[in-house]
Amino acid sequence: MSSRASEALARRLIDSQAERRGDDPIFALNAEAARRARSGEDVLNSTLGTLLDESGRLALIPTVSDAFARIAPERAAAYAPIAGAPAFLEAVLADAFGASALARSAIAVATPGGTGALSLSVACFLEPGQSVLTSSYYWSPYETIAHQAGRALETFEMFAPDGSLNVSALDRALVRSGERQGRTLLFLNTPCHNPTGYSLDERDWNELVPVLARAAERQRLTLLVDVAYARFGRGDPRRWVAPLAPLAERATLLVAWSASKAFTQYGARVGACIALEQDPAERERIRSALGYACRGTWSNCNHLGMLAIAECLTDPTLSARVERERAGLRELLFERARLFSALARDARLSHPRYEGGFFVTVFTSAPERAAALMRERGVFVVPIAGAVRVALCSTPLAAIPRLVDALSAGVRGAAS
Ligand code: PLP
């Protein structure tokens, strides 16, 4: 046998999987930062999306940890129902919609984090080979999730020149996608978008909803709202609910709900895919399709996590304590954001308006170069198309001046 033929026989991975990068680029940068820190360097690591306290330790909501500890082992060890523990699902719907009447046409299935919900939506609402649509700044695993499912990702320009959501660009992208695919699955991460910290405001919603309603007359439209950071924004975490009501008749609305950030339980992998559908028969078909996809992907989710988070959501004493403890963490984040915005303004760095969440982005035409220059100073951020992403969540207040100095040097150095 020729050596080429034997090489081909030895490659048993299918072609589409043969050149995959197993290490997420953000985790790879984090590993480099950790390695340099271990060798004694004074490193500032602003890459990773977990909330750290001022001494660099994982910030927890203690009441949530207590709730996990109190679940009886024999309840936690049993399999959960495939679609999720009923009390958990009911609590998630109440958490997502509050008193809104929209909840009446909603169903939910449990997923491993918000990631699981995103992945189910792609499997059930796009044909193989079709593309998910999202904004030009986006959480990079959106693309991984699409590719892994044999789908693709395309984007629309996120910001208009005045810094608001570029609804005209989205309108054009919807037309293109509808003509090509006959359907669109649109991911919108709001409030507190990762990576920009932007939240759609009333004006954005007022412009957006008619555009979506028009699109839904020409094609099958599914809008997924990714609310992963909603509890770390300013104001009402449910402010996305009311503007969506007029759309509910015309499109399927999905919500990727996650306990990872809201309850500081990133490792518990607790989440849910919520679907809003007015037609009861179609709603049941969606429930079945999502449940089937759960069974065929991960079977069922972390029972301990669901039981504990359900307690935190439904027990009035626990939920008030969680709320209070979370408010302290939110304030920590806002204090960092206030200092960052003030110093960034003085340094004339350009960034979208920040309204909460774990990240900000700083625009630059040469993100890889800017991030490399910053790494020479021991400061780690994530280069993305057109910007660098800065994790305020993992940057202590005292380190913000150093961060902004490095950003300023990196962005200016890269442009020259
Ligand atoms: N959506 C966005 C925008 C995120 O940044 C994340 C996590 O970083 C997720 C969803 C999902 O997180 P998880 O799967 O941990 O719930």
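User: In which loop is P191 found?

Analyst: In this predicted model, P191 is found in the loop between β5 (183-189) and α9 (202-218), and the peptide bond that joins T190 to P191 is cis, with omega at about 0 degrees. P195 lies in the loop between β5 and α9 as well, and the bond leading to P195 from N194 is also cis, with omega near 20 degrees.

User: What makes the phi of T264 worth a remark?

Analyst: T264 is not a glycine, and yet its phi is positive, at about 45 degrees. Most residues other than glycine have a negative phi, and most peptide bonds are trans. T264 is found in the loop between β7 and β8 (271-276).

User: Why is the contact of N194 with the ligand called a polar contact?

Analyst: A polar side-chain atom of N194 lies 2.8 Å from an oxygen atom of the ligand, and because a pair of N or O atoms within 3.5 Å counts as a polar contact, the pair qualifies. K261 has a polar side-chain atom 2.7 Å from a ligand oxygen, and for R269 the distance from a polar side-chain atom to an oxygen atom of the ligand is likewise 2.7 Å. The protein covers 93% of the 390 Å² of accessible area that the ligand has on its own.

User: How do you know that the ligand sits in the largest pocket?

Analyst: The ligand is placed in the largest pocket because more than half of its atoms lie within 2 Å of the grid points of that pocket.

User: Which residues and which helix surround the ligand?

Analyst: The ligand is surrounded by 13 residues, of which G114, T115, D226, S258 and S260 are the closest. Helix α6 (residues 113-125) gives the most to this shell, with three residues, and by class the shell holds three nonpolar, seven polar and three charged residues.

User: Why are F88 and W257 called an edge-to-face pair?

Analyst: The structure holds 13 aromatic pairs, and F88 and W257 form one of them, with ring centres 6.0 Å apart and 75 degrees between the planes. Because centres within 6.5 Å make a pair and planes over 60 degrees apart count as edge-to-face, both conditions are met by F88 and W257. F88 lies in helix α5 (residues 86-97) and W257 in strand β7 (residues 252-258), so the pair ties together parts that are 169 residues apart in sequence.

How values were computed
Residues numbered from 1 in each chain as written. Predicted model: local features only at pLDDT ≥ 70, side-chain atom pairs only at ≥ 80, totals over all residues. Heavy atoms only, no water. Near = heavy atom within 4 Å. Polar contact = N/O pair within 3.5 Å; in protein donor to acceptor, adjacent residues only side chain to side chain. Areas by Shrake-Rupley, 256 points an atom, 1.4 Å probe, with all protein chains shown as cover. 1 Å grid on protein atoms, 1.4 Å probe; cavity = no way out; pocket = protein on both sides within 12 Å on 5 of 7 lines; lining within 4 Å. Helix = DSSP H or I, 4+ residues; strand = E, 2+ residues; numbered from the N terminus. Nonpolar A, V, L, I, M, F, W, Y, C, P; charged D, E, K, R; others polar. Phe/Tyr/Trp six-rings, centres within 6.5 Å; stacked < 30°, edge-to-face > 60°.
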